[in-house]
Amino acid sequence: MDTSLTPPPRRPLLAPALAVLALALAVLGWSIWETRYAWQSGYGNGELPSAAADPRLLTAGDMTTFHKGFKPFGQPADNLPWQYEKLFDDGDGLFDTPFKTASGRDPATSKPGDVATTPEGLGPLYNASGCGNCHFRDGAVAAPYQTGQVMNGIFLRMSVADGKGGYMAPPGYHVQLRDKSSAPGVPPEGQGVIDYVEVPGSFPDGERFSLRRPAYRVLDPGYGPLPEETIYEARSAPRLAGMGLLEALGTETLLALAKAQKNHPDGISGRPNWVIDPESGQRVIGKFSLKANEPHLRAQAAGAAYNDMGMTSPLHPQELCLPNQKECAAAPKNGGPGHTDLSEAQIRALTVYLQLLAVPARRDIDDPAVQRGERLFADAGCAACHVPTLTTDDSHPIRRLRRQTIHPYSDLLLHDMGPGLSGRPDGEASAQEWRTPPLWGQGLTQKSNHHTVFLHDQRARNLQEAILWHDGEAAIARSRFMGMKREDRAALLRFLESI
Ligand code: HEC
Ligand code: HEC
């Protein structure tokens with residue numbers, strides 16, 4: 001028999017089967033990589049709208065949003081992977097939810113890991129029941145406009161000398177006047193009231209203006225009289241667009257800005273605020289809050305929940321009732337060992353939400369007045385503190401936030417703004433020092449928040465008044481603005497509205 005004619009044994013299915021197996025393994029591997037690792041870059045699939053846009057519109061690199069709706073400060077970065085979209089949405093939900101009073105429910109029956117559950121445990125003493133009550137649409141709610149009205153959505157902080165050269169909260173009170181109570185029988189700490197006095201002034205060219213100077217007092221103090229010498233200061237909620245990019249700015253970047261301002265001809269000398277990281281215990285640079293007292297967004301979110309809303313969390317597990325506030329301590333809590341009002345998962349969702357808030361794109365860049373205003377902004381010396389361009393560094397856990405060229409118009413440093421804007425000393429920051437606020441997005445304040453009030457306590461009724469309050473290190477820049485021709489002042493304001 002001629003064996004050479006016998007065909008080799010045939011295994012017709014082996015090759016396709018191997019191919020299918022290889023493909024299946026590749027798909028499995030890719031999806032594991034995608035679910036475990038790739039999404040952490042913060043980039044989803046497809047092209048970013050920013051890639052096709054005029055680069056002059058990009059306020060925040062890949063974190064710029066072109067959303068045209070009524071909520072410009074509350075948009076997620078475009079094209080997020082679904083895992084981040086989910087975290088963002090969970091955080092968004094928590095941010096906009098009014099939290100509930102503690103029901104005294106047995107924590108064993110509650111689901112602390114369930115992010116979507118409306119958190120319970122508001123108060124007993126607090127200022128507002130939801131983040132969004134103050135940060136209306138991720139901007140700021142307007143404080144009472146009329147003199148003598150009770151404050152809402154803006155709060156008072158209070159200090160007295162401690163007799164040892166430092167400052168402390170007035171005895172019996174929290175440093176932040178908590179004006180609401182969530183439990184019957186727990187007296188609120190009191191109601192903050194603003195009284196305004198109009199202070200007229202005029203430009204060198206004769207045009208007149210008036211600034212309103214605020215003074216503060218507390219109605220119905222709930223825990224004994226407040227000392228005569230109490231220093232009051234009101235703080236308004238900042239816009240939250242672009243917070244993650246500020247978190248991603250390197251310490252070295254901010255220190256280099258401070259160094260570059262040494263011997264500045266205008267007398268500008270910004271300095272960083274150094275704070276203790278509540279979790280690592282290390283001394284780190286402060287970036288957030290109006291005097292840069294918070295190092296990162298996780299600390300800021302947990303601190304806001306605790307101080308503004310009375311919500312405990314893994315960062316602040318003890319209920320905030322002072323020793324003299326007996327009714328506060330006795331109010332119902334959703335207590336139990338290890339239980340906090342906000343879970344770790346909820347703090348994480350809030351943090352990621354803040355980190356991934358995009359910044360609105362610039363507008364009107366071809367308007368000649370806007371372009372002239374931009375040059376005048378630099379010529380007047382505004383840009384020394386309101387630094388137009390910075391680059392984030394390479395180490396943020398969300399890669400989307402790394403190495404972005406951004407235009408926050410801030411150096412995040414503390415500047416002495418003169419006695420007119422004086423508040424109270426806070427950590428290493430003096431009473432007159434404030435962090436340069438980022439200006440990005442501010443031209444959309446009216447559209448988003450239906451007002452145009454600015455500065456730490458909203459005393460400025462428009463952008464021009466905000467500039468006219470500048471003093472101290474910014475006195476020379478302010479006088480340059482005052483000395484401009486009327487149409488140049490208008491051009492500078494047009495520019496501010498375009499960013
Ligand atoms: C009662 C009003 C109020 C509530 C409620 C509130 N905030 Fe704030 N928020 C403020 C004020 C005022 C500041 C400035 C605080 C300071 O200077 O210490 C601020 C600062 C911040 C900042 C820092 C912004 C910056 O530019 O540095 C972030 C982030 C923030 N809040 C997030 C939150 C989150 C998240 C919640 C809810 C858990 C919340 N806030 C609840 C009023 C509020
Ligand atoms: C020395 C640093 C410095 C200089 C120079 C400076 N600013 Fe400011 N600017 C600040 C600080 C700090 C604040 C916050 C003060 C406060 O809230 O009390 C501020 C606040 C503002 C605000 C209000 C922002 C907000 O969200 O409330 C505007 C607008 C503004 N500056 C524009 C300008 C313009 C225009 C110039 C130039 C004419 C200028 N600034 C020069 C440091 C500076």
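# Notebook: two ligand shells, two domains, two helix pairs

**Entry 1. Overall.** I began with burial, and buried residues make up 44% of the 499 residues in the protein. I note here that the model is predicted. I counted the secondary structure and got 14 helices and 17 strands. I then took the box along the principal axes, and the C-alpha atoms fill roughly 120 × 65 × 40 Å. For contacts with a separation of 6 or more, I found that 70% are between residues 24 or more positions apart.

**Entry 2. Ligand 1.** I looked up the surroundings of ligand 1 and found 28 residues there. Cys131, Cys134, Phe288, Leu290 and Ala304 come nearest. I asked which elements give two or more residues to this shell. They are α4 (131–134), β10 (231–236), α7 (297–309) and α9 (344–355). The largest share is that of α7, with 7 residues. I sorted the shell by class and got 18 nonpolar, 7 polar and 3 charged residues.

**Entry 3. Ligand 2.** I did the equivalent look-up for ligand 2, which is surrounded by 29 residues. The closest are Cys382, Cys385, Phe454, His456 and Ala474. I found at least two residues of this shell in each of α12 (463–468) and α13 (475–483). The class count for the shell around ligand 2 is 20 nonpolar, 7 polar and 2 charged.

**Entry 4. Domains.** I took the bounds from the domain assignment, which gives domain 1 as 49–78 + 357–498 and domain 2 as 93–237 + 296–354. Each is written as two segments. I computed the distance between their C-alpha centres as 26 Å. How many residues does each domain put into the contact? Domain 1 gives 22 and domain 2 gives 25. On the side of domain 1 that touches domain 2, I found at least two residues from each of α11 (445–449), α12 and α13. The largest share there is 3 residues, from α11. I split this side of domain 1 by class into 7 nonpolar, 9 polar and 6 charged residues. I note that α12 and α13 also appear in the shell around ligand 2.

**Entry 5. Helices α10 and α14.** I checked how α10 (residues 368–379) packs on α14 (residues 486–498): the angle is about 100 degrees and the axes are 7 Å apart. I therefore put α10 down as roughly perpendicular to α14. From α10, the contact uses Ala369, Val370, Arg372, Gly373, Glu374, Leu376 and Phe377. From α14, it uses Asp488, Ala491, Leu492, Arg494, Phe495 and Ser498. I classed the residues of this contact as 7 nonpolar, 2 polar and 4 charged.

**Entry 6. Leu492.** I picked one residue of that contact, Leu492, which is found in helix α14. Is Leu492 buried or exposed? It counts as buried, because I find 27 C-beta neighbours inside 10 Å and the cut-off is 20 or more. Not counting residues up to four places away in sequence, Leu492 touches Gly373, Leu376, Phe377 and Phe481. Of these, Gly373, Leu376 and Phe377 are among the α10 residues listed in Entry 5. I also took a long-range pair: Leu492 and Tyr216 are 276 residues apart in sequence and 32 Å apart in space, C-alpha to C-alpha.

**Entry 7. Helices α3 and α9.** I ran the packing check on α3 (residues 82–96) and α9, and got an angle of about 100 degrees with the axes 7 Å apart. This pair is therefore roughly perpendicular. The α3 side of the contact is Tyr84, Leu87, Phe88, Asp90, Gly91, Asp92, Leu94 and Phe95. The α9 side is Gln346, Ala349, Leu350, Val352 and Tyr353. By class, I count 9 nonpolar, 2 polar and 2 charged residues in it. I note again that α9 also gives residues to the shell around ligand 1.

**Entry 8. Backbone.** I looked for unusual backbone geometry and noted three places.

- I found a cis peptide bond joining Gly123 and Pro124, with omega about 10 degrees. Pro124 lies in the loop between β3 (120–122) and β4 (125–126).
- Asn79 is not a glycine but has a positive phi of about 60 degrees. Asn79 is in the loop between β1 (64–65) and α3. I class Asn79 as partly exposed because it has 18 C-beta neighbours inside 10 Å.
- Arg137, also not a glycine, has a positive phi near 50 degrees. Arg137 is in the loop between α4 and β5 (154–161). Its 19 C-beta neighbours inside 10 Å make Arg137 partly exposed.

Notes: Residues numbered from 1 in each chain as written. Chains lettered and ligands numbered in written order. Predicted model: local features only at pLDDT ≥ 70, side-chain atom pairs only at ≥ 80, totals over all residues. Near = placed C-beta within 6 Å. Helix = DSSP H or I, 4+ residues; strand = E, 2+ residues; numbered from the N terminus. Nonpolar A, V, L, I, M, F, W, Y, C, P; charged D, E, K, R; others polar. Axes fitted to C-alpha atoms, helices over the stretch in contact; angles between N-to-C directions. Parallel < 35°, antiparallel > 145°, perpendicular 65-115°, else oblique. Contact = placed C-beta atoms within 7 Å. Domains from an automatic or database assignment. Buried ≥ 20, exposed ≤ 12 C-beta atoms within 10 Å, placed from the backbone.
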